[in-house]
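Got your viewer open? Here's a short walk through the model, one selection at a time.

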Amino acid sequence: MELKYFIIRRALVIIPTLMGLTILTFLLLWAYGPNLVAAGFESEKYHNVAAALAAQGFNFSDPIGTYFSYLAHLFTGNWGTINQPISAKTLTAVEIFFPNTIQLAIAATIVSVIIAIPLGTYIGARPNSPADQAGRIFSLSGYALPAFWLAYVLIILFGKKVGVVPYLNIFPYDGNGSLNVSSPIFNNFHVSTPTHILLIDALIAGDIPLFESAFMHLILPVATLTYGILAGILRFIRAGMVDASNQEFVKTARAKGVPEKTVIKKHIRKNALLPTVTVLGLLVSSLLGGVVTVEYVFDYLGIGYLAVYTAEATQVWGILVLTFIFGIILMITNLIVDVIYAFLDPRIRY
Amino acid sequence: MVEENITVTEQKERLKVQDLKVRFFTSKGIVKAIDNLSFSIREGESYGLVGESGSGKSVTATAVMDLIPDPPGRIIRGKIYIDGFNILTDLDQLAKIRIKSPTDVIIKRKKRLIKRHNYIMSGIRGDKVSMVFQEPFLSMNPVMTIGDQIKEAILLHGRVDIANSIIKRETMNAQEVSKIVDTIMAQPDTQTRNKIIVRLCGEYAIPELAKPFTDLFENSTDRDFIINEVLSLVNTKKTGLNLEKLEESKNYFLLRERILDLNLELIGAEHSGDERTAAQLEAQIKELKSTMRSQFLLYSIKRRFMRRFIDAPFEKFAEGRTLELLTQVNIAGPERVMTSYPHELSGGMLQRCMIAMAFSANPQLLIADEPTTALDVTTQAQILDLMKEVNKNYNTSILFITHDLAVIAEMCDRVGVIYGGNLVEEAPVKEIFYNAKHPYTTGLMNAIPRAERRFEKTARLESIPGSVPNLIDPPSGCRFHPRCKFKMDVCSEKKPKLVEIEKDHKVACFLYSDEVEEEPREEIP
């Protein structure tokens, strides 16, 4: 039951952080000035910019009042409009793009965790063996290779033909991205998209070919992201395993007569995974915050893709809202990580 | 069946260590941690190993369990007989060591043999020998509850016995009960009677009923009434589980134990050069493994994926046994302790839990590696009492390792004094305290603060000058000679042999005997 209070207390900490975040984004709004801010609210309907702003409750000579009306806008979802990559209300754009990122992030996390835990256990149980060295090279390369480079290499290797480069044509990508921005993917589907996650929507509509296509489109981005995450957590699991296996309690377990395999799986690994949870949480929050380059290269319509367009065209409301959303994602993943950690490690006092 | 007389056979040795040699290969050189150490522990005896820090006490203890961390350490040579079986039989084959220079050593490990060695050791550790460690806080897994850790130790060994006693409980009938009640009532002495009751309750997997039964036998003499009471109480404990499934589990573990035994025999046969027997045994093991695979395929799949259901009766038994063990080591609120994590308990309580864990399989030998060093004095006394009690009640041999001479005087029957990886003196505890021979031992004795010497003029505490030698490059000859008051020329040239100079009293010093220890010429220095 104590855990419940811990969660509540931990969640309350979010409130002041959130306040800070809104103040920071408001400073951004203030810096952009009236013209750009008004652009999000169909200013052409009004006589001048000041009238358009006044209609939304913004008054650039009164910072405090404007801050509060800005808060009202933020929390009611009245986020103005953007014209690129689609011309729509910012809220609608987020609704369309964000689920795609969630799908990508979850898929990449699951795949990398499924691979990293057994692999890290194997490597960590044999420090300095050839397998360990191979793992080290793999991790290092995962850190060192930029994701966009890897993305292009994967497209060239497995996607459709690019110029004269030979191709395998396994996955539906050409060298310039698979989808045309001018006819966005979400308008062309003959199925309704209640969740905006194509995999699920296709299943709901019972459209297997569409599901298959969505799945194939997902594989290369997920592979690219997985490589990076895997590299990160593999090193942590390995370090945790080596660290834990030098502890006294491992000797105790062996002295009890626990077989070697069980010592590794039950006693060492359980302790080794604790620090990994923290790292994984950070990685997941960065994924959810839109992996800009990967989404851009694959023309994957996620929130990172949206962020690139809003920033490029200086669409103030898009920038403000996305900054706000990234902040919230980071806070929530941190909360979840803390709770999971408290759940896993009984030594955490809550 | 209900005899409590323990006959101590003086000759039977529970542990025998012969010519143990342990080396640590570090980047600074080879640490000669243990050199030609030999000693033995008899049944029911408690043997103390004393020495300064860094003299090799703990290394000896870990070597006996074959738990020396590798790398950097390795047992190079020696025999360690636990209950007659030499656990280092295939030591030579486990790894090939090639020394280019003291800092450059190539160790080639044979994976397959090490795997078999580990398999056999995990059958021996915890079952025949168990160990209590120095730092209770560090020696418990921080993310598992105490109950889970003790239960794990219980369930690792003697599954067949557990299954048998559960079956016994489930099939207990009036006839059997009346027979048992008769034998118990025939025992006139209350204390022995209670002991028998406790033991029988353990045998029938109803340890929680020991208390009501002892009360029952104390308060009533009416045979029929007692029988009825016992029957009804036992019936409340019957769970009506599926005995066929339990039989299957039992057969499975029976087969596993058989394979382990055969492996032990195989190692013995291989070592004695009896190739025909070895081949036969190997074939037998292969056959048993294949029958195990075919006969218990479904069972092992179920065990892997539905362990909770398959192991439920065992788990329940283990829970009862854990509670019993924790009560035995005088822990307050054993139910609460079972669900606690190590960080929630004090050092003394954790050390008790460690001892409970060590006794989960009723081992014949307990190795206590400075079990009281991290504890305060009152807790120390309690822990020592506990270990003494166990030593007496279960006739368990104890190898007690400490630097505290007071603890030695309290606990041990025989004492070995270790210096720089060598045993320098070995004698019964009284001899050591009143008739110490070796200059190092006398130095240790003089370093004990004594109340009666407080007012003497020479009230200063005597100490041995110098410090423990660096074992990478130990002194030649007798390793103690640079610090010795009676140093002779021979001391730095030759190594004295451990010789029996009085009955049961062995000393390695040229003051008492001229015998020189012959160093066998070996590749490893």
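How many helices and strands are there in chain B? Keep in mind that this is a predicted model, then select chain B and switch to cartoon: you'll be looking at 20 helices and 14 strands. The radius of gyration of chain B comes out at 26 Å, close to the 24 Å that the globule rule gives for 525 residues, so chain B is as compact as a globular protein of that length.

Now drop to the C-alpha trace of chain B and turn it along its principal axes; the spans are about 80 × 65 × 45 Å. Turn on contacts within chain B too: of those between residues at least 6 apart in sequence, 67% join residues at least 24 apart.

Next, colour chain B by burial. Of its 525 residues, 50% count as buried. Then bring up the surface: chain B exposes about 26000 Å², and carbon and sulfur atoms supply 51% of that.

Stay with chain B and pick out the charged side chains. There are 73 positive and 75 negative ones, and if you mark the centre of each set, the two centres lie 5 Å apart.

Last stop: show chain A alongside chain B and select where they meet. The contact takes 20 residues from chain A and 26 residues from chain B. Between them, the two chains bury about 2100 Å², with 64% of it on carbon and sulfur atoms. Which residues of chain A lose the most area to chain B? Select Ala255(A), Lys256(A) and Pro346(A), which together account for 29% of what the chain A side buries.

Conventions: Residues numbered from 1 in each chain as written. Chains lettered and ligands numbered in written order. Predicted model: local features only at pLDDT ≥ 70, side-chain atom pairs only at ≥ 80, totals over all residues. Heavy atoms only, no water. Helix = DSSP H or I, 4+ residues; strand = E, 2+ residues; numbered from the N terminus. Rg over C-alpha atoms; globule rule 2.2 N^0.38 Å. Buried < 20%, exposed > 50% of the residue type's maximum accessible area, 1.4 Å probe, protein only. Contact = heavy atoms within 4.5 Å. Areas by Shrake-Rupley, 256 points an atom, 1.4 Å probe, with all protein chains shown as cover. Lys, Arg positive; Asp, Glu negative; His and termini not counted. Charge placed at Lys NZ, Arg CZ, Asp CG, Glu CD. Buried area = accessible area lost by both parts, 1.4 Å probe.
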